[in-house]
Amino acid sequence: MAWGKRFYRSIAYINEFGDEVVRVDYRYGVSIVALPFERSWHNEFALQERTNEPYFTEAKSLDLGTTYVSPLHLERDASGEIRSPHTPIINLSTPLYNRSGEFRGIVMTAIDANNFLDRLHTDLGQVYLTDQDGFYLAHPDQEKNFGFELGTTYNAENDFPDAFQILNKPGNTNYVGLDSPRDEVLAMRTINYNPRHPEHYWILIRTLPQDVVLGDIQRLGSLLAGLVLFVAVIAILLAFWLAGNFTTPILHLTEVVKQIGDGNLEVQATVESRDEIGILARAFNDMTSKLRYALQLATERSRRLETGATLGGS
């Protein structure tokens, strides 16, 4: 089933010396068994020496049952040249040991990464995959992929500089923010694919148009802004109304108090309401009446005393 889905490019047993003993390739829709060089009809399908390949040198130092995972890279032919058309590959390898614990080689599988890279597509926004240095591994524009191998300078760190500056800070593994120059909402997350080498990782990038993500929020914000403005206008009008209905009586009472202080006890506060201001005005009027009465009593008493004094002197 795996072969039918073109999931593998090749699978091989490589002995402890780094020589391929068995290899099966999947090419052109069929499985091809590699042969010793002298018996192979084409060098591409001949057994190879893999001593210096990272998937061999790394795997032979692993414990039994552990796996080496290579960085994502382009498939190369026996001479080291990049194959055309470009095929992204991930190598998986695991060591083999005999019962005595002696290293006896590795099993290596080359996985065709197109099986999952082709799924990094969306109808809305864009999805990108880069390596730890920002070089594109999956980009809608195929010409921008694998710049570190093809000698191009296309790099996500140049396209999303602010986001990478934050993501590259120690301890940061994800980022979500607004990319104003591109009018996009941007989400980034690191993917550690090899626990033995945490310095090697992928960065998954997802973008969405700003108006799609923030459209409802912006519409709600406009509605709230309009509501706030409406409430502010009402509050201002209400403040003026309250000021006119509250401060005017207060100013009138202040003038009444001033006249009382000047000795005018005939002045009366105008009572036009039944609220606290009206109660206060009536209290002023009542106080003024009592002051007039007390003044009248004092005046009459003073007059009687003066009259008595005059009669006594006679």
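Here are some friendly notes on this predicted model, point by point.

1. Let's start with the nonpolar core. The largest one has 13 residues, and F160, F164, L186, M188, I203 and I205 are those with the most contacts inside it. Two or more residues each come from α5 (161-167), β11 (184-191) and β12 (202-209). Of these elements, α5 gives the largest share, three residues.

2. F160 is a good place to centre your view. Beyond its neighbours within four places in sequence, F160 is in contact with Y128, Y136, D179, R182, E184, L186, I205 and T207. That list includes L186 and I205, which are also among the core residues with the most contacts.

3. A156 sits in helix α4 (residues 156-159). Is A156 buried or exposed? A156 counts as buried because its relative accessibility is 0%, and the cut-off for buried is under 20%. Leaving out residues up to four places away in sequence, A156 touches T130, G134, Y136, F164 and I205. Two of these names, F164 and I205, may be familiar from the core. If you would like a distance to check, the C-alpha atoms of A156 and D133 are 8.6 Å apart, while 23 residues separate the two in sequence.

4. Now for a charged residue in strand β11, E184. With a relative accessibility of 14%, E184 counts as buried. Its side chain is joined to that of R182 by a polar contact of 3.1 Å. Further along the sequence in either direction, with residues up to four places away not counted, E184 touches F160, G177, L178, D179, T207, L208, P209 and Q210. D179 and T207 are also on the contact list of F160.

5. H197 deserves a look too, in the loop between β11 and β12. Its relative accessible area is 18%, so H197 is buried, given that the cut-off is under 20%. Which side chain does the side chain of H197 make a polar contact with? The partner is the side chain of E58, at 3.3 Å.

6. Another loop residue is S70, placed between β4 (68-69) and β5. S70 is buried, with a relative accessible area of 4%. A polar atom of the S70 side chain lies 2.8 Å from the backbone nitrogen of N91. N91 is also one of the residues that S70 touches, together with I90 and Y193, when residues up to four places away in sequence are not counted. From S70 to L92 the C-alpha distance is 6.6 Å, across a sequence separation of 22 residues.

7. The hairpin of β2 and β3 is easy to find. Strand β2 (residues 20-27) pairs with strand β3 (residues 30-33) in the antiparallel sense, over four bridges. Two residues lie between the strands, and Y28 in the turn has a positive phi of about 55 degrees. R27 stands opposite V30 in β3.

8. Finally, please look at the largest pocket, which holds about 590 Å³ of space. It is lined by 31 residues, and R50, E53, Y55, H73 and R76 lie nearest its centre. At least two lining residues come from each of β1 (8-14), β2, α1 (54-57), β5 (73-74), β6 (88-97), β7 (103-112) and α3 (147-150). Which element gives the most to this lining? That is β2, with four residues, and β2 is also a strand of the hairpin in the previous point.

Key
Residues numbered from 1 in each chain as written. Predicted model: local features only at pLDDT ≥ 70, side-chain atom pairs only at ≥ 80, totals over all residues. Heavy atoms only, no water. Core = buried A, V, L, I, M, F, W, Y, C linked by side-chain atoms within 4.5 Å. Buried < 20%, exposed > 50% of the residue type's maximum accessible area, 1.4 Å probe, protein only. Contact = heavy atoms within 4.5 Å. Pairing = 2+ DSSP bridges. Polar contact = N/O pair within 3.5 Å; in protein donor to acceptor, adjacent residues only side chain to side chain. 1 Å grid on protein atoms, 1.4 Å probe; cavity = no way out; pocket = protein on both sides within 12 Å on 5 of 7 lines; lining within 4 Å. Points joined across faces, edges and corners; volume = space filled by probe spheres on them.
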